[in-house]
Amino acid sequence: MTDSTAPVVLIVEDEPDVAETYKLWLEGDYEVRLAADGTEGWEKLDEDVDVVLLDRMMPGLSGDEVLDNIREEGLSCRVAMVTAVEPDFDILDMGFDSYLSKPIRSDELHETVEKLLERSSYDRLLQQYYALVEKQATLETAKSGAELAESDEYERLQGRIEELQEDLSQTMGSVKDDTDFLTTIQQIGGDEN
């Protein structure tokens, strides 16, 4: 039940059963394209694709390499890594917008796609802010407090988030504190829907 105006979701997944499951979950609301590996995914990627659901570990061109290509080419699609790879501090150097650890549920996948479509309408600074907050949340889920406390990368991430928050606060005007900032950001998102 998709039409030509439905957002396009590209699923790049080398496990056929998993890819078909994601497709069944999404095809009622989106135009869904499937790619069995990174090379095919790269070939099926064009300006019509709004969201890419990208496995990290695939034979041939890996998900990480596809992601690098997407960002190098300046494609505007939003990317969620959907993977069994346990996130480590190396994700801080990756240009994804969201990170889902397998196995995932249907509602989780739908929520992620909707969230990424919404973010597509945000300006670059706000997209960058949300991507960093997603990385922070991913690491906080995967790492212990002690590991985070010892990580220079995590400390730099927190500093960068604070910088972006300050930049966004200045852009938005009189934001007084974190609660006010989050409320303002949510209002911006709501206004753009």
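## Exercises on buried and exposed charges

R78 has a relative accessible area of 9%, so it is buried (under 20%; exposed means over 50%, partly exposed lies in between; 1.4 Å probe, protein chains only).

The model is predicted: local features need pLDDT of at least 70, side-chain atom pairs count only at pLDDT 80 or more, and totals for chains, interfaces and linings use all residues. Residues are numbered from 1 along each chain as its sequence is written, and side-chain values use heavy atoms, leaving out hydrogens and water.

**Exercise 1.** Find the salt-bridge partner of R78 and place both residues.

*Solution.*
- Step 1. Apply the cut-off: a side-chain nitrogen of Lys or Arg within 4 Å of a carboxyl oxygen of Asp or Glu.
- Step 2. The side chain of D97 meets that of R78 at 3.2 Å, N to O.
- Step 3. R78 sits in strand β4 (residues 78–83), and D97 in the loop between β4 and β5 (98–101), 19 residues apart. Strands are DSSP runs of E, at least two residues, and helices are runs of H or I, at least four, numbered from the N terminus.
- Step 4. D97 has 4% relative accessibility, so it is buried.

**Exercise 2.** Is K143 buried or exposed? Describe its bridge to D88.

*Solution.*
- Step 1. N and O of the D88 and K143 side chains are 3.0 Å apart.
- Step 2. D88 lies in the loop between β4 and β5, K143 in the loop between α5 (124–142) and α6 (145–150), 55 residues apart.
- Step 3. K143 is at 16%, so it is buried.
- Step 4. D88 is at 35%, so it is partly exposed.
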